[in-house]
Amino acid sequence: MMKRLQSITNKLYPTAVLLILLIFWYLVALLEMVPKFMLPSPGDVIRALAGSFPELMKHAQITLTEAFIGLVLSILLAFWIALLMDRFDALYKAFHPILVITQTIPTVAIAPLLVLWLGYDMAPKITLVVLTCFFPMTIALLGGFKSSDQDAMNLMRAMGAKKWQIYRYIKLPNALPGFFSGLRISVSYSIVGAVIAEWLGGNSGLGVYMTRVRKSYSFDKMFAVIFLIIILSLVLMKCVELLERKAMPWAQIGEQQNEG
């Protein structure tokens, strides 16, 4: 009972902060401390979201497709890079600094080049999503592989276990918590990466829609897109949480035992 009450209390804090921010935003708009065309009220944004909902869904479908394909490719790339770097120490020493360097390059600086090289279709958007998303998962997986229990691996080797069995029963389960933490970060990055790429070229997508409404000074619609991106990101992160529970049932059993 106390655990449940504490969980409810923990959720009340961020809810209260969000309500305070919305009230502050409403008052700023009501008192016209900022010109209305620059900062629409929450009510204007909700009406814009409702009025443009069918059109927004069409653009969101394109953005989500780009984000999903890029995210899947990122997961595959992260697994292979982490696996190879864990298996071969020379690859780890050679490519780990390069991985870090790739994250110091501003995404906005890469996007125009990708559009120039790959055109205005989905290819540059998906590529940017991959470049944005694979790093957190790669580092998390690599850290999980490297921190696996050495005694357990030595025991399995003594029992004649093969390398793939050591990965399956020791290294991969040890890396999964970190992987899902990285995946939660990556799913939000995937939508943002796709939107940034769409700003610079394309015919459809939430980024293209944002560019159009910004040029027409329809900031209520622009805020509506921002709200929609936030909602989509939260839904994707919740999906990752559900997937984590399915992939790691032992973690849920441990939580239940601690509560007991």
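Start by selecting helix α1, which gives the nonpolar patch its largest share, six residues; helices here are DSSP runs (H or I, at least four residues), numbered from the N terminus. This is a predicted model, so local features need pLDDT of at least 70 and side-chain atom pairs count only at pLDDT 80 or more, while totals for chains, interfaces and linings use all residues. Residues are numbered from 1 along each chain as its sequence is written, and side-chain values use heavy atoms, with hydrogens and water left out.

Now add α10 (219-247) to α1 (2-30): each supplies at least two residues of the patch. Its surface is about 1100 Å², and its members include Leu 22, Tyr 26, Ile 226 and Phe 227. Patch residues have over 30% relative accessible area and no salt bridge, with nonpolar side chains (Val, Leu, Ile, Met, Phe, Trp, Tyr) joined within 5 Å and like charges within 9 Å. A salt bridge is a side-chain nitrogen of Lys or Arg within 4 Å of a carboxyl oxygen of Asp or Glu. Areas come from the Shrake-Rupley method with a 1.4 Å probe, and only the protein chains shown count as cover for residues.

Click on Leu 19, in α1. Leu 19 is partly exposed at 48% relative accessible area (buried is under 20%, exposed over 50%, partly exposed in between).

Next, pick Trp 80 in α3 (residues 53-87). Trp 80 is exposed, at 55%. From its C-alpha, draw a distance to that of Pro 112, 32 residues apart along the chain: the separation is 28 Å.

Finally, just after α7, look for Gly 160, where phi is positive, about 90 degrees.

How values were computed
Buried means under 20% relative accessible area, exposed over 50%, partly exposed in between (1.4 Å probe, protein chains only).
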